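Here are some exercises to work through with the structure open beside you. Try each task before you read its solution.

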Amino acid sequence: MLSAYLFLLAVMVGLVKRNGKVVSAISAIASAAVLLEATGSIPQLSLQADELSRFFLLLLGTAGVAVSIYSYSYMRPKHLVTAAYPLFLLSMELILLSRDFLQFIAFWELMTLTSYVLIVANYTESATKRASLIYLVTMQALNTAPLLLALGYTYALFNTLSFETLKGNIPPAWVLWLFLVGFMTKAGIFPLHFWLPEAHPVAPSNVSALLSGVMLKMAVYGMLRVASIFPNTSTLATPIIILSMATIAIGALLMLVQRDLKRMIAYSSVDNLGYIFLAFGAYLALHGTLKTVALAALLLHSFNHMLFKNLLFMVSGNVLHATGRKDLGLRGLGRNMPFTFALSIIGILAVSGVPPLNGFVSKWLIYQATFLSRSPVLIAGGVIALFGSAVTLAAYLKMYRIFTGEPEGEVHEVEAPMLVGEGMLALLCVLLGVFPWLGIKLTGTDIGFEIDMPLLTIVLALFSGMLFIALPPRGRRDAVWTNGERVEDFDILPEHMYYPLNHISEGLSKVGSSAGKVLTRVGGAVTSVEVDYIDEALFLPPARLLRGMIALLRECPLGVMIVVLLLIASALIWGWLG
Amino acid sequence: MIEGFERKFGAVLEKKTLGEKKVVYAPMISQEDFPEMVKFLLSMPTVRLFTMVGTDERPFEDAFSVTYWFADWKKGEILGIRLYVPEDNPEYPSVASFHKGALWFEREVKDLLGLRAKGLPDPRRLVLPDDWPENDFPLREDFEYHSSPPGERGPQHLPKMEGTSVHAIGPYHIALDEPAHFRLFVRGEEIVGIDYRGFYSHRGIEKLARGRMNYNQVCFIAERVCGICGFCHSTAYAQALEEAGKIEVPDRARYIRTILLEFERLHSHLLWIGVAAHLTGFDTAFMKVWAVREKVMQLAERLTGNRKTYGLVVVGGVRRDLLDYRVSMIEKFIDEMREKFDEVVNFLLSARSFVDRCRDVGVLTKELAREWDANGPVARASGIDYDVRRDFPYAAYPELSFDVPVYTEGDVLARAMVRIDEVRESLSLIEQAIDAMPSGPIMAEFDEIPGGVEGISAVEAPRGENVHYVMTEDSNVIYRWRIKAATYNNLQAAPDMLRGYTIADAPLIIASIDPCYSCTERVQVVDVKTGKVSVVNLGVGLCP
Amino acid sequence: MRELFPLTVSLITPLLDGVARKIRARIQDRIGPPVLQTWYDLLSLLEMESIRPVESATFRIAPYLAFGSALTMLFLIPWGEETPLRTPANVIAFLYFFTLFSASVVMGGLSVRSSYTASGASREISLSMVFKPAFAVVIAVLALKTGSLDIASIARSVDFSPSVVGAYILLIYLTYVEAGFIPYDIAEAETEILGGVLSEYSGRALAVFLWAFQVKRFAMLWLLSAMLVLPFASGIGALILQSLAVLTIFVLMVVYESMNARYRVDQALRKGAKALAAGSILLVLAFAGW
């Protein structure tokens, strides 16, 4: 438990000294300790955790090390951020180490609150205020509350909350549904994903990375834990698959029309969590080898998503750091930020599932779990997943574009620690892509076969490389041929790419927007808030409710609110326990 | 038109009759009523702005003149309104402020003569190069043809529209056969705005002809106005001069002119159909259509000695007769053509991908076509039933029967269908002309043409009306020669056709008006880089 | 030995393009260039300098990466009995190496700031967003029917039920589309956007790109031929039959190509959506057991 003490040390340093560099350094060491403890490389320090927890600890440790190194240069000591950052990591570690649901839910709540503090870091901006309030209220209403209800009833039924003793019991279906709703909200699964593209982009980039890369995975862990305890979880398979299909499609299509880099990456998280839940659905629905394949796919994609999503969010942090902008209209950054550019290419290709990078391996497993399942919904899920994959590449090419072309202003490459943090993840993206067995071994599953990626990579590298060496492109430098137009004008704006498919996506958000307006008028309850995206219109009732609550809570001091929410939570627990 | 106009405005006007159904009026007192007069004329459904001529009449009238010519295609009447513009205050009321079709006319007069239209909506430079100095006007009598004044380069581009980027077709582009610069303001693939800059092929032909060559030599330079419809230009020029000089053209010459005019239409339309196919990537149809066109070219060579630029027209008739055995070649050719043409057209139109690319693309509504004074196949595809051959008959057309195909869709496909139908009509016209061809002389005898007389005449070129206006001077030279090619109007309408479509459609839409930039831009070879005007060296009847 | 097939073929693809030019010429009543013309073109381009419109490593590497990924696609398809690179679920790998090919083409194009390359890239990706899922539907039907994602075992175990026959027809269509024949050569349209993504490439880099496109086209055709031949033939006969099938398909496609005009991107996407709808119906049929 060395890592936990280290994290606590970092929390104290953060509270007292408010020094971002020291906190980051200690957090990095603590995360490294998590890795050591989880792998059990030092027996004295090894943790009491099962395979499932161990895997997610590895995920947390890897992300923690990379992001903390990055934070060394990136983190600005703003209000409670320096203390909340290690506490956030610690809360996630403790969630994974919990052996019963009571600890689990307590640390879960801690995670939610610390993440809120981190998201609200730039509290002077109205967008941040709005988004973080949406986040907090959504989490309390749709994440904590259902979980508490489910746990309360579980305790009432079985008189225990320990994982060990609960195992094999069969709770009623609605309890499972409550678990599902709670974890779906956290994971950002349609139709409860609306908070995600709001909250993730406003946070500082290192936090966005942890939110997307790790915190969402806690929900995956939670669901897996529930599935490992309650055998009848498999009854949820079909709804999960259908919802994850919708998540992939909505996430992908809305990713395509975003003009803000971080918002786009956030929608891509929605999309990727759809993949993970699709694999989870397959895991619940299938039997035999394919069940193992689905589990491997689920775990590996969780890990891979952490790798490239953290990388991409951190790269977006580099861009924000260097230019102060995060819109996709930027151009020409690659010239002055060559390392950031190279790292982002790896991230882009990995998230698009292009071989020989890690995204491909887990997607390859997902396709096997779906296409070979002989189940109609799963096969449809596979087709949707391939569609999502194509759209992901399309959307991320807009991110690629911001690095290409002629530079428009002076920018400088970011500090070395930021690049090192990103570089570690990029390296892992490549390694896990080229050597798939590494990742599969990491998941602890035995699928009995693997793709011959090393050889494929050799073939690819050999022929590309040989040709490049044999026939290198030689020639003069000359200007782009623009027919005499200014080169800045002679281009296609990012929001206009992919005609006419961009119209479909735009139409989607417009339909959502007008439907939202009509419904707002009908409801008449909250008229001051605009609805911008279809997703926010589709699940209008909860959104309306939340917005109403936000309007109510806007005047309420933060401390009071937290106290009230905690009181409600404890009252609920005592209610059920009593 | 003339009658109604006279009834309303006759009292304040000075009238001059040019010929049967052709008159010019000049307001006697002020220019105030002028916009009213134009509005009155254009309110008639079959009246169009025919051409506009700016002339430096300072040597004998002590002022510049601007003449707007209107044509009533129902009655076959042509009416001109002449405004005298004093040198010290070179301004006149603008027509373009309420009738779009006059825009380029007024911009051109501003460039070449320095006459300003009050209320001109778009006063940017049109004809002259970007580095031409402000106060040199090449068409004025005191401007030397050879002079090349130095100037500063000032771009004439429209600024980019907000929220768009620029996609350029031109100045040199694979889909353009001649230089032209369409700057498309796009949202991705969609065109939302257009800026056109052309006149890169402006050669100063009108100035070249002024006082430097006799009127018969001008026939040959007129033919070189355009590489495709040159014969139409030389015919239109000759007709205008024949009208000014009251020369009666012999019947056989009229028939020979008709046959060659239709030959020109044949090869031009076939060329266009091939280009349209090529622009949509349909190279097989392109090759097949051009193989058919080749037959036309070869026959033209047998008949005139040239594949193109026949060099046959002189004032008063034609230079060479069609020999009888060659006439029989034409008869054989017509039969062969009919069969081959039907075959390739069926092949082309049976490709659904081609038809899909042309349908509902580049739509020009009838209203817009009227506003821009579109003509030729462009107008006929937009439901305007106007054809110079029928409505202002010339050559042997009054004696021949033919249909004028009219479509109402206004899209690229309709323009293609008009041209396809016209090819068939042309074949029948050639056949009729050969059957009915009289014998006799091919050239009229006439005395010297007096100075100061005017003539205006139009020819239906493959792409629309070519209007030529001539004003003579003593000793067999012309004082003012004004060419208006069909593309001059149609090209102005192109932005309205492009807006709302995609950059994939743009080359096809631009091509669908069958633009002929040389015709339109006629008038110094200017090297923009050095600002030097190179001289076109012309021997008699020789190609520059 | 089996590794040599893809390598040999990459030398043959320009010849195949020469054949295509000859066939087109004959259809257009022309004599046409010699069959070796594409090779001559490539060789002369390889001699020429590549103008760099921008200082960018991606711009320079893209053609080579495209070539490498196109060649890797060839390694994943059965050549008669042999598959040069055996790996499970290789049809997914094939599809994703194809994605790598598209990605490198598009990234090469987008590394320059030009309206022509940007339009080309945007078109290429728009098409892939509709036609890749259509491809996925075909895979789904075949995987459902055969329980495999391996090209050779799919081909060897298909029964020709209505849904499978439908999937084959769709596969032929998609091969035609993905091989970039007119009317689907939209992303490289010469007369509209001056060659699209390729418009800023010249000399040697252009030659490598063109070559990569030819290899990719061959890979698509070879996949189709494997799917068509392997259900019926085995041994060395299968390889010979596959080669004959590829030639026949190629000639037929070239002939069909020269009978068509290019689509606009929205028209092509509408066709793609129809293909997707047809595929979905096939999938339902397959579930129903037909």
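## Exercise 1: Where chains A and C meet

In the contact between these two chains, chain A takes part with 61 residues and chain C with 64 residues. Keep in mind that you're looking at a predicted model.

Task: find out which helix gives the most to the side of chain A that touches chain C.

Solution. Start with the candidates: α15 (358-371), α16 (376-401) and α19 (453-470) of chain A each bring at least two residues to that side. Then pick the top contributor, which is α16(A) with 13 residues. To finish, sort the residues on chain A's side by type: you get 40 nonpolar, ten polar and eleven charged.

## Exercise 2: Where chains C and B meet

Task: work out which element supplies the largest share of the side of chain C that touches chain B.

Solution. Here 25 residues of chain C are in contact with 28 residues of chain B. On chain C's side, the elements giving two or more residues are α5 (115-146), α8 (190-193) and α11 (265-287) of chain C. The largest share comes from α8(C), with four residues. By type, chain C's side splits into ten nonpolar, eight polar and seven charged residues.

## Exercise 3: Sizing up chain C

Task: describe the make-up of chain C, and explain why it counts as being as compact as a globular protein of its length.

Solution. First, the make-up: chain C has eleven helices and zero strands. Next, compactness: its radius of gyration is 19 Å, close to the 19 Å that the globule rule gives for 290 residues, so chain C is as compact as a globular protein of that length. Along the principal axes, its C-alpha atoms fill a box of roughly 55 × 40 × 40 Å. Now look inside: 63% of the 290 residues in chain C are buried. Finally, take the contacts in chain C with a separation of 6 or more: 77% of them link residues 24 or more positions apart.

## Exercise 4: A sheet in chain B

Task: work out the strand order of the open three-stranded sheet in chain B, and why one side of β8 and of β10 is left without a neighbour.

Solution. Begin with the order, which is β8-β9-β10 (chain B), paired antiparallel. β8 (165-169) and β10 (190-197) of chain B stand at the edges with a single partner strand each, so one side of each has no neighbour in the sheet. From one strand to the next, the twist averages 30°.

Now check the pairings. β8(B) and β9(B) are joined by five bridges, with S165(B) opposite V186(B) in β9(B). Strand β9 (residues 181-187) of chain B and β10(B) share seven bridges, and F185(B) has G193(B) as its bridge partner in β10(B).

Last, is β8(B) mostly covered or uncovered? Mostly covered, as five of its five residues are buried. S165(B), H167(B) and I169(B) point one way, V166(B) and A168(B) the other.

## Exercise 5: Into the nonpolar core

Task: find which helix gives the most to the largest nonpolar core.

Solution. That core has 512 residues, and those with the most contacts inside it are A279(A), A294(A), C429(A), F67(C), A140(C) and V141(C). The helix giving the most is α9 (residues 203-229) of chain C, with 21 residues. For a closer look, pick C429(A): leaving aside neighbours within four places in sequence, its contacts include L307(A), F308(A), L311(A) and I346(A).

Note on methods:
Residues numbered from 1 in each chain as written. Chains lettered and ligands numbered in written order. Predicted model: local features only at pLDDT ≥ 70, side-chain atom pairs only at ≥ 80, totals over all residues. Pairing = 2+ DSSP bridges. Axes fitted to C-alpha atoms, helices over the stretch in contact; angles between N-to-C directions. Core = buried A, V, L, I, M, F, W, Y, C linked by C-beta atoms within 7 Å. Buried ≥ 20, exposed ≤ 12 C-beta atoms within 10 Å, placed from the backbone. Contact = placed C-beta atoms within 7 Å. Rg over C-alpha atoms; globule rule 2.2 N^0.38 Å. Nonpolar A, V, L, I, M, F, W, Y, C, P; charged D, E, K, R; others polar.
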